[in-house]
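Subject: Structure for you to look at

Hello,

Here is the structure I promised you. Please open it alongside this message, and then read on for what turned up.

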Amino acid sequence: MATQLEQLLADLSSPEFQHGVEHGFWDFVDRDGMIVYVALHAPDGRDYLAQLDCNEYDSEPIGCKFVDRETRTCTNEAWPTGNNVFVQWVKFGDQKPFICWNQDRIGVEHHPEWRPQKAWTKRPNKLVTYLEFLRKLLYVPSWGYHRLQPAA
Amino acid sequence: MLVIVELEQDGGVVKTAECEIEEGATVAKVAQLVGPKLEIAAEEIVMDLVVDGSSFEAHHRVEDCMHHGNRWRHRRACVAIHFESEEARHHFPASADWAIVHHWACKHFRVAKDICANLELHEGSPDGPAINESKKIGHFPGCMTVWLGKPGPEPFGYSA
């Protein structure tokens with residue numbers, strides 16, 4: 001049976017992950033143990049650096065934060081923003097921003113009632129499933145991401 | 001100056017059109033003249049005009065392009081688009097973005113504008129990988145199958 005690291009490395013080199021790279025949706029930036037950094041390329045030309053905590057890969061959901069590209073610290077400015085639909089999934093406010101989704105580690109911490117579903121175990125490639133969710137957040141207009149308007 | 005434009009699709013040249021063009025004219029003018037003969041809109045022709053790896057833009061002057069030769073090529077790629085239970089095949093300029101396929105499909109299948117904006121192109125099957133519509137269509141053998149569809153069920157977010 002593959003170790004968690006072996007499984008993570010296999011998912012990072014999977015055709016599904018590579019497809020996202022080839023199509024310009026995301027790029028692998030770095031890995032520090034079980035922490036993976038992936039740059040998400042939004043349709044308005046902006047880039048967001050996702051810090052994906054893949055500790056206990058498979059048994060626990062991935063925890064995602066958007067971080068500053070230089071300092072790799074989580075700042076509000078590093079996060080994409082959007083409308084009232086978007087904030088269903090990306091929470092700001094008084095607390096630290098987090099992704100409120102039943103396949104995100106911090107989302108599940110906020111909603112323990114989601115844990116029994118184990119939604120993050122439903123698809124084999126957890127990493128790409130997460131990145132696909134982030135891609136849709138940025139690309140599907142009805143999901144409400146605030147796109148940078150091109151200069152007139 | 002004589003310019004010959006070859007239409008390449010399905011792996012070979014299927015049609016040729018030529019035109020006489022005056023000095024100072026742009027590539028756009030060539031496209032306007034050969035468009036009716038090739039039965040392709042001029043604005044689509046200028047999306048892909050190449051000679052030996054060099055590509056021309058609509059605003060380029062014809063004489064500046066002529067040192068590559070006067071036999072130019074417009075390449076089109078076949079895409080089989082599925083939408084719900086319908087299917088249509090169409091050739092698109094190989095250097096155009098995938099967005100042109102999305103727009104064409106919405107028009108062809110008569111999809112309302114607001115619904116169209118939230119559909120995505122997927123490669124091979126409805127659950128296939130998403131296509132980035134800002135990327136070029138490119139060349140491939142045969143006809144590529146894509147599906148125009150909703151981007152999957154909305155995931156569970158908490159709206160309090």
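Which element gives the most to the lining of the largest pocket? It is α4(A), with 7 residues. Before the rest, one caution: this is a predicted model.

**The pocket**

The largest pocket has a volume of about 1,200 Å³. Its lining counts 49 residues. Nearest the centre lie A:R123, A:E132, A:K136, B:D127 and B:G152. Three elements each supply at least two lining residues: α2 of chain A, α4 of chain A (126-139) and β8 of chain B.

**Confidence**

The predictor assigns the complex an ipTM of 0.83. The pTM is 0.87. For chain B, the pLDDT averages 92. In that chain, 95% of the residues score at least 70.

**The sheet in chain A**

Chain A has an open sheet of 4 strands. Their order is β1-β2-β3-β4, and the pairing is antiparallel. The edges are β1 (26-32) and β4 (63-67). Each of these two has a single partner strand, so one side of each is left without a neighbour in the sheet. From one strand to the next, the twist averages 25 degrees.

Look next at β1(A) and its partner β2(A), residues 35-41. They run antiparallel and are joined by 6 bridges. Within this pair, A:D32 stands opposite A:I35 of β2(A).

Two helices of chain A pack on the sheet. Helix α1, residues 4-12, touches β1 and β2 of chain A. Its direction makes about 155 degrees with that of β1(A). Helix α2, residues 15-22, also touches β1 and β2 of chain A. For α2, the angle with β1(A) is about 125 degrees. You have met α2(A) already: it supplies at least two residues of the pocket lining.

**Chain B**

Chain B comes to 5 helices and 8 strands. From the N terminus on, the order is β-β-α-α-β-β-α-β-β-α-α-β-β. The C-alpha trace spans about 65 × 35 × 25 Å along its principal axes.

One hairpin in this chain is worth a look. It is formed by β5(B) and β6(B), with 2 residues between them. In the turn, B:E84 has a positive phi of about 50 degrees. Strand β5 covers residues 71-83 and β6 covers residues 86-93. They pair in the antiparallel sense over 8 bridges. Across the pair, B:V79 stands opposite B:H90.

**B:H139**

Where does B:H139 lie? It sits in the loop between β7 (120-123) and β8 (143-149) of chain B. Which residues does B:H139 contact, leaving aside its neighbours within four places in sequence? They are B:R75 and B:A94. The side chains of B:H139 and B:R75 are joined by a polar contact of 2.8 Å. B:R75 falls within β5(B), residues 71-83. Now compare sequence and space for B:H139 and B:G11. They are 128 residues apart in sequence. From C-alpha to C-alpha, they are 9.5 Å apart in space.

Best wishes

Notes: Residues are numbered from 1 along each chain as its sequence is written. Chains are lettered from A and ligands numbered from 1 in the order in which they are written. This is a predicted model: local features need pLDDT of at least 70, side-chain atom pairs count only at pLDDT 80 or more; totals for chains, interfaces and linings use all residues. Side-chain values use heavy atoms; hydrogens and water are left out. Two strands pair if DSSP finds at least two bridges between them. Axes are lines fitted to C-alpha atoms, for helices over the stretch in contact, and angles run from 0 to 180 degrees between N-to-C directions. Contact means heavy atoms within 4.5 Å. pLDDT is the predictor's confidence in each residue, from 0 to 100. A polar contact is a pair of N or O atoms within 3.5 Å; within protein, one must be able to donate a hydrogen and the other to accept it, and residues adjacent in sequence count only if both atoms are side-chain atoms. On a 1 Å grid over the protein atoms alone, a cavity is a set of points where a 1.4 Å probe fits but cannot get out, and a pocket is an open set with protein on both sides within 12 Å along at least five of seven lines; lining residues have an atom within 4 Å of a point. Grid points are joined across faces, edges and corners, and a volume is the space filled by probe spheres set on the points.
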